[in-house]
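Here's a relaxed walk through a two-chain model, for anyone who likes to keep the structure open while reading. Have it on screen and follow along.

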Amino acid sequence: MGGPIDFNDSRWFQRAVFYEVLVRGFNDATGDGTGDLKGLTEKLDYLEWLGVDCLWLLPFYQSPLRDGGYDISDFFTVLPAYGDVKDAANLIDEAHRRGMRIIADLVMNHTSDQHPWFQESRQSRDGEKSDWYVWSDDDTRYSEARIIFVDTETSNWTFDPVREQYYWHRFFHHQPDLNFDNPAVQDAMLDVVRFWLDMGLDGFRLDAVPYLFERDGSNGENLPETHDYLKRVRQTVDAEFPGRVLLAEANQWPADVVEYFGEDDECHMCFHFPLMPRMFMAVRREQRYPITEILAQTPAIPEGCQWGIFLRNHDELTLEMVTDEERDYMYTEYAQDPLMRRNIGIARRLFPLIDNDRRIAELFYALLFSMPGSPVMYYGDEIGMGDNIYLGDRDGVRTPMQWTPDRNAGFSKADFAQLYLPPLMDPVYGYQAVNVEGETRNPSSFLHWLRRMLAVRREHPVMGVGALEVLSTENPSVLAYLRRSAGESGKEDIVLCVNNLSRFAQPVELMIPQLAGKIPVETLGRVPFPAIGELPYFVTLPPYGFYWFTLHEPGLDQ
Amino acid sequence: MTIEPADLATLLPDFLVRQRWYGASDLELAGVEISAFEVWREEWPSLIWVLVDARFGDDTVARFQVPVGLRPLDQTERFLEGKGRSMLGDVDTPDGPALVYDALVDPELALAFLRQIAPDEPVERVRSLNVEQSNTSVVYDERLIMKLFRRLAEGPNPDVEVTEGLARVGFTHISAPVATWRRDGIDLAVVRTFLEAGTEGWQLALTSLRDVYGSRLDPAESGGDFAPEACRLGQITAEMHLKLADAFGATDGEPKIWADSMVANLSRSRARALDAPAIAAAYDALRSIGDPGKSIRIHGDYHLAQTMRTDAGWFILDFEGEPALPLEERRKPSSPLRDVAGMLRSFQYAAEVGLAERGGAAEDDELRALGLRWEQHVSDAFRQGYFDTEGIDTLLPATERDRETVLNAFILAKAVYEIGYELAHRPEWARIPLEAVSRLVDSSRG
């Protein structure tokens, strides 16, 4: 960590570990009860110490905050509560100085209804911006597009009394969709991209990309026009800002998501959504098939691209992408499992989801850090923070970061009542029990363990760029795989990962005669294991145990 | 290098009777005769393909396939360590004394063997599976599996016949045939795709049960719930039956013949504890049903250990049929519900074996109740997956009442068979099918 960034490295994101930050909830430098960019900047030393490579900031733009900032009312201004554009520039510089990059959320599909573009568009049917949004005299067009927020919206059309027409919105009615058929809108969005990349931002996480265009007789998702525009964004970025990354949020089935990579001429990264719920299911079922099945169904991606993988994020455990897949695995599993069903639509953090079991948490991170993709962590999960489901909507997982056992969890010097959300105070997950200061001082804490894992992962770029080969084992509770890639000196780089998904100790015989003669060395302790032979390689694992082995030629360690 | 057939013949009797696939330990071996002897590889290690006819005291004859390998006696090979059972003995050859052994334990010869019967398949590595029943299996490159039939039967091997038939009509949830080696209409060996990353259904069910018993939660609430898997297994089972009907045809079911055979088996049963009249009544109910559904070629020996979970879903293996039956019997069509019955019986065995793993847990009433709940819950899911599969009703009795009558009769018949088997081989296990029978009889009394 540390040291300047190599800006010529255009594939950095393939090996990076991302850290998702809620600016509002991370650190309050101004004492007004809400986190801010200055506060985040103050904590960069901590993030550098932890060993993350890239921060992902949730939206920090000017917004009426009716949808957590995803309702942007000015793309060129920072929400005053978070600071100003100068603070953003300073944050980026300071992060770069510490060897960390920063990407930020960008919502291209829609704006807030408070955005001046919309205010101008609704004023007249023939003004300069009258075609910047999707207007219609009736509310029957594009009826095949599903309603995404079925709990709050009854139609994708809402009547505007000012213009006396309906406007189109795929999400909340206060978030009108921009009309990307209008070249002026396309150009305006490119200017937004340029503005922030020019300031030094290292890329964007593109929110809700499948919905940019509307067409009669289609469901309005993944349209060719949408892909064409994303390719145009990519060309602009590559030509004017090489080395920056576009990360797409397309909550779709992997076979559809890969479309967003194009031929490495669209988005550099896409989130792999189904992997996360299946990791939970695999540990619950104590068998690997939920995971291996989805890996088998995941198509290959272009060489210069990468999946973004995660355990938890700021949204609920979503099943959005499987509802159409009637025969799908998760549908059957979830429909019959009361515990999992309870968690649908409720945002939970990792530790409450696994009953605060540290062994399971370690297993989950071992899986996350060794699966194909770049891991995206969620702020607070590194110390095992909990959630407050009584806060409603998704605020339950957006409580203040817990820095110390002091007032307001060390998050803010404001009066308690002034905080944007109360910090957790329950005896198990509350800030007096779970906080960065305490865990930093305790060498056996989860935080220290995670930091060591990040350091080990950094030593093995194969975890980011290697191919995955699932190994045949008869024990269904054991998930074993090889990560392998051509190493830098032409020597093949291989890591053997063995995971026990069960709460019981498990034996496993690995069929790896192709590796006969090699000595497995466990990566955390550097302990050499017996050499692999022609016979099945026998390993025993403690409950929820895992090993990462590098493979050495015999004699090298003597 | 080679040897005289006569020299080999003297080594064969001792070797044969030691093999698990010999399967004639209750008969006296009167003599052996070599009926085929082909040298497939001259140089060390040599490979000779041999068929041997074993004549028994009762004048019946069985034919066995025994490929043998030869290596110089002074070379000790690591693969032979601990393989005493696979040794035939020493012989003199023109090149000095040699050791004769079962060729398939020799990786080099196992590769040579495959090249002989499937020359188009390039393979590099070999691994033997530690299971020997009526055949010997070898895995190549974790990609192909060769099954060598040991005790040969006249006529087509049912496993080969059914697997090829299913592949022909496009059923993909089987280990797909790659090559078949047969001579004079007799199947000698098959090469198939090896199901990678597969777990036997039996192991998966026990994984679930360990979780249920360990957590003492209701099976539906426990993390290791097996019901969704069982539901998908039921679907695949129904799809298999539809494809079997495609491949081998369907005829009207013959409930009277089914009942006759069940009654005959019951009368042969040695289990005194059985309530024979009540069981016979359940069988006789078959005679009066309106629509028995179809008879099709079935799996015939369907239970959890014949299924394999892989990344591509459930696969179904081993279509040999019930091993205790003569070949013609095994190939006879029957009701598809007989396979369903077999699987449902398997769920009870799984629950009981899971309990037995926990030692004294069999006395723990709470765990016993959980085991029962698991069996019920998983059976319901399997039945749901099976009966909800589109098209399966064309093979089944039209009314639910007839369907249950047929299914119950087959479950009972299977349990009665199990009682006989357990009393003969594992008397302490007889309790399991006995309990099932009394449960079924009680419920049919209503």
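What follows goes from the whole chains to the contact between them, then to some helix packing and a few single residues.

Keep in mind throughout that this is a predicted model.

**The two chains**

Chain A has 17 helices and 20 strands, while chain B comes with 12 helices and 17 strands. The table puts the overall numbers for each chain next to each other.

| Chain | Residues | Radius of gyration | Span along principal axes | Buried residues |
|---|---|---|---|---|
| A | 558 residues | 24 Å | about 80 × 55 × 50 Å | 50% |
| B | 446 residues | 24 Å | roughly 75 × 45 × 45 Å | 44% |

How do those radii sit with the globule rule? For chain A, a compact globule of 558 residues would have a radius of gyration near 24 Å, and the chain's own 24 Å agrees with that. For chain B, the rule gives 22 Å for 446 residues; the chain's 24 Å is close to that, so chain B is as compact as a globular protein of that length.

Then there's the sequence range of the contacts. Take pairs at least 6 apart in sequence: in chain A, 67% of those contacts join residues at least 24 apart. In chain B, the corresponding figure is 68%.

**Where the chains meet**

Chain A puts 22 residues into the contact between the chains, and chain B puts in 22 residues too. On the chain B side, the elements that supply two or more residues are α4 (201-215) and α5 (227-248). Which of them gives the most? That's α4(B), with 6 residues. Sorted by class, this side of the contact has 10 charged, 6 polar and 6 nonpolar residues.

**Helix packing in chain B**

α4(B) also packs against a helix of its own chain, α10 (residues 365-387), at an angle of about 140° and with the axes 10 Å apart. That angle makes the pair oblique. The crossing of α4(B) and α10(B) is right-handed. Which residues do the touching here? L209(B), V212(B) and Y213(B) come from α4(B), and they meet L367(B), L370(B) and W374(B) of α10(B). By class, the contact has 6 nonpolar residues, with no polar and no charged ones.

α10(B) has another packing partner in α9 (residues 337-357) of chain B; here the angle is about 155° and the axes lie 9 Å apart. These two helices are therefore roughly antiparallel, and α9(B) passes α10(B) in a right-handed crossing. On the α9(B) side, the contact residues include V340(B), L344(B), F347(B) and A351(B). On the α10(B) side, they include L367(B), W374(B), V378(B) and F382(B). The class split for this contact is 11 nonpolar, 4 polar and 3 charged.

L367(B) and W374(B) turn up in the contact with α4(B) and again in the contact with α9(B).

**Three residues in chain A**

Start with P400(A), which sits in the loop between β13 (374-378) and α15 (436-441). Is P400(A) buried or exposed? It counts as buried, because 28 C-beta neighbours fall inside 10 Å. Setting aside neighbours within four places in sequence, its contacts include G25(A), F411(A), L419(A) and P423(A). P400(A) is also 14 Å from K43(A), C-alpha to C-alpha, with their positions 357 residues apart in sequence.

R101(A) belongs to strand β5 (residues 101-107). R101(A) is buried, with 25 other C-beta atoms within 10 Å. Not counting residues up to four places away in sequence, R101(A) touches I5(A), D53(A), C54(A), A95(A) and D202(A). F416(A) is 315 residues from R101(A) in sequence, and the C-alpha to C-alpha distance in space is 33 Å.

Last comes E469(A), found in strand β14 (residues 467-470). With 14 other C-beta atoms within 10 Å, E469(A) is partly exposed. Which residues does E469(A) touch, not counting those up to four places away in sequence? They are Y481(A), L482(A) and R484(A). Of these, Y481(A) is 12 residues from E469(A) in sequence and 5.4 Å away in space, C-alpha to C-alpha.

Key. Residues are numbered from 1 along each chain as its sequence is written. Chains are lettered from A and ligands numbered from 1 in the order in which they are written. This is a predicted model: local features need pLDDT of at least 70, side-chain atom pairs count only at pLDDT 80 or more; totals for chains, interfaces and linings use all residues. Helices (H or I, at least four residues) and strands (E, at least two) are DSSP runs, numbered from the N terminus. The radius of gyration is taken over C-alpha atoms; the globule rule is 2.2 Å times the number of residues to the power 0.38. A residue is buried if 20 or more other C-beta atoms lie within 10 Å of its own, exposed if 12 or fewer, and partly exposed in between; C-beta atoms are placed from the backbone. Two residues are in contact if their C-beta atoms, placed from the backbone, lie within 7 Å. Ala, Val, Leu, Ile, Met, Phe, Trp, Tyr, Cys and Pro count as nonpolar, Asp, Glu, Lys and Arg as charged, and the others, Gly among them, as polar. Axes are lines fitted to C-alpha atoms, for helices over the stretch in contact, and angles run from 0 to 180 degrees between N-to-C directions. Angles under 35 degrees count as roughly parallel, over 145 as roughly antiparallel, 65 to 115 as roughly perpendicular and the rest as oblique. A crossing is left-handed if the near helix is turned anticlockwise from the far one by less than a right angle, and right-handed if clockwise.
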